[in-house]
Amino acid sequence: MITLCIDTAYKYLTCVLIKDDEIIAKYSKECFKRQSEEVFVALDEIFNAASINKKDIDAICISEGPGSYTGVRIAMSIAKTISELFKIDLYTISTLRLYASNKENTMVLMDARASRAYVGIYNKDEILLEDCALPLVDIDPKDYNVIGDGELIGKDNVEIDIPDAFLKTKYLWKKVDKIAYLVPKYLKESDSYYR
């Protein structure tokens with residue numbers, strides 16, 4: 001089974017081809033606010049590197065957010081189109097959960113602007129804090145390893161390998177049954193006050 005994975009929700013553009021349980025081609029680089037300009041070049045690059053025709057993929061997986069409003073919609077629009085066009089399964093995963101990549105004692109933090117951040121805290125498979133939006137002053141980094149925008153709370157960032165993260169979190173992907181109804185995972189500001 002060949003799966004195409006795409007993440008454009010944050011400052012990276014990541015496209016990965018996974019055959020069964022092995023990465024066979026990948027493209028991942030920082031290109032904040034330029035993902036839409038580079039995504040099709042990246043897709044061509046990985047399909048050529050793997051010598052695979054785009055029609056040969058069996059499934060697609062994307063990060064569903066939270067993240068950049070435009071960024072999340074780029075991957076989602078591409079995935080929905082490919083899924084419908086080729087009649088293949090579509091899967092999603094939370095951007096924060098993807099970036100945590102089943103690491104121990106990990107906080108994923110992404111700038112949500114207006115002195116807020118999207119936050120998720122994980123310890124391997126365990127969710128310690130569900131994805132939410134919080135004011136920066138309410139975020140306690142404790143002794144967590146921070147992935148993302150740690151500088152917002154005075155922490156260094158742990159580097160991540162997003163292509164590898166897609167593979168490591170494969171068992172967490174959620175199949176989308178009604179593709180037409182799939183929408184990005186945007187965390188409403190009011191949600192942060194109930195957590």
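**Sheet architecture, pocket lining and backbone geometry**

An open sheet of 6 strands, ordered β3-β2-β1-β4-β5-β10 and with mixed pairing, is present in the predicted model. The edges of this sheet are occupied by β3 and β10 (174-175), each of which has a single partner strand, so one side of each is left without a neighbour in the sheet. In general, the strands of a sheet pair through backbone hydrogen bonds, in either a parallel or an antiparallel sense. Confidence in the protein chain averages a pLDDT of 93, and 96% of the residues score at least 70. Residues 190-195 are modelled with a pLDDT under 50; for this segment the model has 6 contacts beyond four places in sequence.

Two hairpins involve strand β2. The first joins β1 to β2 through 4 residues, and the pairing of strand β1 (residues 2-7) with β2 is antiparallel over 6 bridges. Within this pairing, Cys-5 stands opposite Val-16 in β2, while the bridge partner of Asp-7 in β2 is Thr-14. The second hairpin is formed by β2 and β3 with 2 residues between them; in its turn, Asp-20 adopts a positive phi of about 55 degrees. Here β2 and strand β3 (residues 22-30) run antiparallel and are joined by 8 bridges, with Tyr-12 placed opposite Glu-30 in β3. Of the 8 residues of strand β2 (residues 12-19), 7 are buried, so this strand is largely enclosed by the rest of the structure.

The surroundings of Thr-3, a residue of strand β1, illustrate the packing at this part of the sheet. Thr-3 has a relative accessible area of 2% and is therefore buried, the limit being under 20%. Apart from neighbours within four places in sequence, Thr-3 contacts Val-16, Leu-17, Ile-18, Ala-59, Ile-60, Cys-61 and Trp-173. By contrast, Asn-48, located in helix α1, is exposed, with a relative accessible area of 61%. The C-alpha atom of Asn-48 is separated by 8.9 Å from that of Ala-25, a residue 23 places away along the chain.

The largest pocket contains about 410 Å³ of space. Its lining comprises 21 residues, among which Phe-32, Gly-67, Ser-68, Tyr-69 and Arg-113 lie nearest the centre of the pocket. Two or more residues of this lining are contributed by each of α1 (35-50), α2 (69-86), β6 (106-113) and β7 (116-123). By residue class, the lining of the largest pocket divides into 8 nonpolar, 6 polar and 7 charged residues.

Several features of backbone geometry were also identified. As a general rule, most residues other than glycine have a negative phi, and most peptide bonds are trans. The peptide bond from Gly-65 to Pro-66 is cis, with omega near 5 degrees, and Pro-66 is found in the loop between β4 (59-63) and α2. Lys-87, although not a glycine, has a positive phi of about 55 degrees. This lysine, Lys-87, lies in the loop between α2 and β5 (89-93) and counts as exposed at 67% relative accessibility. A positive phi of about 60 degrees is likewise found at Asn-102, which is not a glycine; Asn-102 is placed in the loop between α3 (95-100) and β6.

Terms used:
Residues are numbered from 1 along each chain as its sequence is written. This is a predicted model: local features need pLDDT of at least 70, side-chain atom pairs count only at pLDDT 80 or more; totals for chains, interfaces and linings use all residues. Side-chain values use heavy atoms; hydrogens and water are left out. pLDDT is the predictor's confidence in each residue, from 0 to 100. Contact means heavy atoms within 4.5 Å. On a 1 Å grid over the protein atoms alone, a cavity is a set of points where a 1.4 Å probe fits but cannot get out, and a pocket is an open set with protein on both sides within 12 Å along at least five of seven lines; lining residues have an atom within 4 Å of a point. Grid points are joined across faces, edges and corners, and a volume is the space filled by probe spheres set on the points. Ala, Val, Leu, Ile, Met, Phe, Trp, Tyr, Cys and Pro count as nonpolar, Asp, Glu, Lys and Arg as charged, and the others, Gly among them, as polar. Buried means under 20% relative accessible area, exposed over 50%, partly exposed in between (1.4 Å probe, protein chains only). Two strands pair if DSSP finds at least two bridges between them.
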